[in-house]
Amino acid sequence: MGELVLNSEVHLPASPGEVFSQFGSGDPAAGWLFGAETSSVQAGSLIRLTIPLAGLTGMEGTARILATTPFRRIDLVHESPWSGHVSCRFRPDPDGGTRVAVRVRIADHEIERLGVELGLVSPTRVDGSIALGLLTSMSGTAGILGRSTVNCAELAVDEINGNGGVLGRPVQLIVADDATDAVVGRMAMCRLLATPHLSAVLGMHSSDTFAAVAPLAVSAATPYLYTPTSETRSNHPLVVRFGETPIDQLHRALPRLAEETGGRRWFFTGNDYSWPRAIGGTARAIVRQMGGTLAGEGYLPVGARRFDELIESIHRSGTDHVVASFIGHDQVRFERAFGSSGLRSTTRTFAPLLDDALVEHQGADAARIWNVLGYFEGLDSETNRSFLARYRQRFGVCAPPVSAAAEGVYEVVHRWAMACHRSRGWDATAVLDGLRRTRFDGPRLRRGTGEPTLLLGEAQAGGVRVLEDVPIAS
């Protein structure tokens, strides 16, 4: 299957210089590139797009500038909801105005993935390989994290295959998109579970999708390795959680934040589903224990676009701190609205999903926000520096930052491979038994005493600064 190439040309009444300067403004009038929004038109800059789809309001996507020739050309690499390249050329029209030619090339492996998801082509064949599934969010609200997640999974598989594969067989990564939607995720999981020679499925998506797909993995007797931060609950042995829990993230950070601000009042908010509610419940108990006061609470549906009433509620509450448990694009929109309201100067924020990828999208609106996760790019270790160098070498300088969620996938892919080697098999029994007896010291290498720790980080220009280690509570 070859790549898909789409060509479009439009006429605009402005001069090439004026059209070029419109790029990145987010102006709907600049519809020749989907109202692209960016802070800087230079190589490496992040671009946010809204891709029009028939009958829908539009799909949010991201891209990066590869190169520009002022007033003549802009080249982009597309990150989500699929990978590919976009070139925009400007030329004066003899009759006045500017001809804008847009050429979109979608990579062949992405065409295959999209074709499978739309039911247009048969599932990927796995000949002589061990299949490893990855269910993640390439589109929808959490799509911001999709590209770095897939990149890190591919990097781990490349390293495993470069070292002889698993038990002498190559590993083939099969990626599926849940579109940040539990119903879509359930259908995607069904397709993954039908893959021949499937050893396990990794999940990096919301708890809503988790609740929908975990029973499918159990019914298919397939190990389901869930990697992101999530609420604690008992599971079937086939379902293994690796991410941070709310108590781990909050037990030290909230008292530390209150100590720094001297404030006692807290407001809890986020998307309205199980994980943000679990964060709110855990935070409520910690605030009560340290003598604080709940100033207010409010949750919005996934995909929310207006935060006016919520911001007004936060303002009226007179709170000193906000715990904001939004995901992906929702977190970006909330922090922009929060920053525009002027509350940033009086109110501090703890955001349990904030990492380097989200900081890049939020820019100055993320300043001084705290979070606790197992990984930030700023982790000062030789192991992490080597990992980031390999990541950039494999995916280029324009690759998205490594999110904590993506790095977690990288480590779990390696742990899965080590488990197979340890147990001399790649079936469910071997994988689960091997996971109990292996440890992978990756980029989030255990520090100091050798005990596992998390990291308290603070958002700043260019990423997250690591403030200190945080011991795991549970």
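Two exercises on the interior of this predicted model follow, each with a worked solution. Residues are numbered from 1 along each chain as its sequence is written. Local features need pLDDT of at least 70, side-chain atom pairs count only at pLDDT 80 or more, and totals for chains, interfaces and linings use all residues; side-chain values use heavy atoms, without hydrogens and water.

**Exercise 1.** Find the residues that touch the most other members of the largest nonpolar core.

*Solution.* Start with the term: a nonpolar core is a set of buried Ala, Val, Leu, Ile, Met, Phe, Trp, Tyr and Cys residues joined through side-chain atoms within 4.5 Å. Buried means under 20% relative accessible area (1.4 Å probe, protein chains only). The largest core has 56 residues, and L134, V166, L202, F387, V402, V413 and W416 touch the most other members. Next, look for the main contributor. Helix 13 (residues 404-423) gives the most, with 11 residues. Helices are DSSP runs of H or I, at least four residues; strands are runs of E, at least two; both are numbered from the N terminus. A separate second core of 23 residues includes L254, I327, F350 and L454.

**Exercise 2.** Place strand 14 (residues 321-325): which strands pair with strand 14?

*Solution.* Pairing takes at least two DSSP bridges between two strands. Strand 12 (residues 265-271) runs parallel to strand 14, with five bridges. Here F268 partners V323. Strand 15 (residues 348-350) is also parallel to strand 14, through three bridges. Here V322 partners T349. Now check burial. Five of the five residues of strand 14 are buried, so the strand is largely enclosed by the rest of the structure. H321, V323 and S325 cover one side, V322 and A324 the other.

How values were computed: Buried means under 20% relative accessible area, exposed over 50%, partly exposed in between (1.4 Å probe, protein chains only).
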